[in-house]
Amino acid sequence: MAPPAGPPGRAPKHVHWWQRPWVRHGALIALLSLSGLVILALVREQTGTEGFLVGLGLAVLPVPLLIAAFRWLDRVAPGPWRNLVFSFAWGACAAALMAIVANSFATQWIATETADPSRADTLGATVIAPVVEESAKAAAVLLVFLFRRRDFTGILDGVVTAGVAATGFAFTENILYLGNAFGTDQLTGGSGVSSVTAATFFVRVVMSPFAHPLFTVLTGIGFGIAALAVERRRRWRVLPPLGGLLLAMGMHALWNGSSVLGEYGFFAVYGAFMVPSFGLLTWLVVWTRQRELRTVRTELPVYVAAGWLSPAQPFALGSMRARRLARRYARRHGGREAARTVVRYEAYATSLAFLRHRARRGRVGTDFAAREGELLRELWRRRDAARPALEHAARATAPPVPLWPVHGAYGVYGVYGVHGVHGATALSYAPYPARPAHLGHSAYRPNPYAYPYRP
């Protein structure tokens, strides 16, 4: 069958070979692989084979914990694993390679111009390194923001992308530092807790594994704010990422400069600045996570009134405890495939809630109806497996009589409760209507803020 013709009077758009997805993906994989091989050779040259293996074994220890922490933050609306793999690989390979090359070149140039190697090292650590390293790590966030825009919808997406990229960067940097420390101990005979390796491990892996992620998360927050901005307000799509990057550079410079503040400078900066900053940012991202759950509980009830969801689902989807219970119920009664179906159902429902929330705030483009219809179709296909699990979880976790607000064309009103949808209580379960005859159509009238049609 011939492909459908384009619009009248317009020739079909020709896709050049470099625009094909497999070409772009292949080029990206080749770039990251080449960067990884080069950075591997450079680190091994500086540390030696034995030092490299010791550094690798010690540097990998905090990585699973950090990845798990960022993945936990992303549990409300988990992004695809490929984005996390790309971010980590970019930080560990491409960003680390750019940083090593640029830092070495700049430090050598300063030493040559000033004939003062110690001053060159200080300037390299406090001025050059923060600018180069934070820019290199920020490139991963920028690429995901530009080319995976559908997966980048808010602050938590920026935090997770930036944090994982910085975790990869810190992993490679720790191999280098720990490998060099081991080489020093080999030359001086140091061993045990008094060795340079033990001291380096304590400072970089035990005390401050969050340092690089903390810096780059500021850039990620800037990109997250830009993702929430209205498209026509261009300065709000440029200034927050730039401001976040500058803050990340400043915090990084202060951290690196603590070594020149005297014997206790490092501990002073760590206690007075790094720990409070870490606590504040942790509170911010956890608060943002809870806010996203409230958005799910607030936005989805309108689809209950339209018949797409059962009355119990908004509460269950807006509670992480209920989601866990739903997955366990599905796995116990339907196996792993049923549990994976529930996970996908939760992800699609969350994306639908976020899409409607952005629509009410005027932050969506012309593809709103198409995207909404796509998400509704995905939910409908999985309703038979997901509904019993979510209703079980709602019965186990719901308060006695919740009343969720719905934002519709006529203001905010309760969609269910004692006098809810179809006269049912919040935790009664009206049956699904018959399969929609026009699943390809949007649930909304042409006005995206109007009350949705029933399926």
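This section describes the internal cavities, one helix and two individual residues of a predicted model.

The structure contains 3 cavities of 30 Å³ or more. The largest cavity encloses about 90 Å³ of space. Its lining is formed by Asp74, Gly79, Pro80, Asn83, Leu84, Ser87, Val144, Asp151, Phe152, Asp157, Val160 and Thr161. Two elements, α3 (81-114) and α5 (155-188), each give two or more residues to this lining. By class, the lining of the largest cavity comprises 5 nonpolar, 4 polar and 3 charged residues.

The second largest cavity has a volume of about 60 Å³. Arg75, Val76, Pro78, Met320, Arg323, Arg327, Val343, Glu346 and Ala347 line the second largest cavity. This lining is made up of 5 nonpolar and 4 charged residues, with no polar residues.

Helix α2 spans residues 63-73, and its buried residues are Val63, Leu66, Ile67, Phe70, Arg71 and Leu73. Viewed down the axis of α2, these buried residues fall within an arc of 155°, and they therefore line one face of the helix. An α-helix has 3.6 residues a turn, so residues three or four places apart point the same way. The exposed residues Pro64 and Leu65 are carried on the face of α2 turned away from its buried side.

Glutamate 134 is located in helix α4, which covers residues 117-147. Its relative accessibility is 0%, and glutamate 134 therefore counts as buried, the cut-off being under 20%. Two polar contacts of the glutamate 134 side chain involve other side chains: one is with lysine 137 at 2.8 Å, and another is with histidine 252, also at 2.8 Å. When neighbours within four places in sequence are left aside, glutamate 134 is in contact with Ala129, His212, Phe215, Thr216, Leu245, Ala248, Met249 and His252. Histidine 252 thus appears both in this list of contacts and as a polar partner of the glutamate 134 side chain.

Serine 33 belongs to helix α1, which runs over residues 21-59. With a relative accessibility of 39%, serine 33 counts as partly exposed, because this value lies between the limits of 20% for buried and 50% for exposed residues. Serine 33 and tryptophan 90 are 57 residues apart along the chain, and their C-alpha atoms are separated by 9.8 Å.

Terms used: Residues are numbered from 1 along each chain as its sequence is written. This is a predicted model: local features need pLDDT of at least 70, side-chain atom pairs count only at pLDDT 80 or more; totals for chains, interfaces and linings use all residues. Side-chain values use heavy atoms; hydrogens and water are left out. On a 1 Å grid over the protein atoms alone, a cavity is a set of points where a 1.4 Å probe fits but cannot get out, and a pocket is an open set with protein on both sides within 12 Å along at least five of seven lines; lining residues have an atom within 4 Å of a point. Grid points are joined across faces, edges and corners, and a volume is the space filled by probe spheres set on the points. Helices (H or I, at least four residues) and strands (E, at least two) are DSSP runs, numbered from the N terminus. Ala, Val, Leu, Ile, Met, Phe, Trp, Tyr, Cys and Pro count as nonpolar, Asp, Glu, Lys and Arg as charged, and the others, Gly among them, as polar. Buried means under 20% relative accessible area, exposed over 50%, partly exposed in between (1.4 Å probe, protein chains only). The arc is that of the directions from the helix axis to the C-beta atoms. A polar contact is a pair of N or O atoms within 3.5 Å; within protein, one must be able to donate a hydrogen and the other to accept it, and residues adjacent in sequence count only if both atoms are side-chain atoms. Contact means heavy atoms within 4.5 Å.
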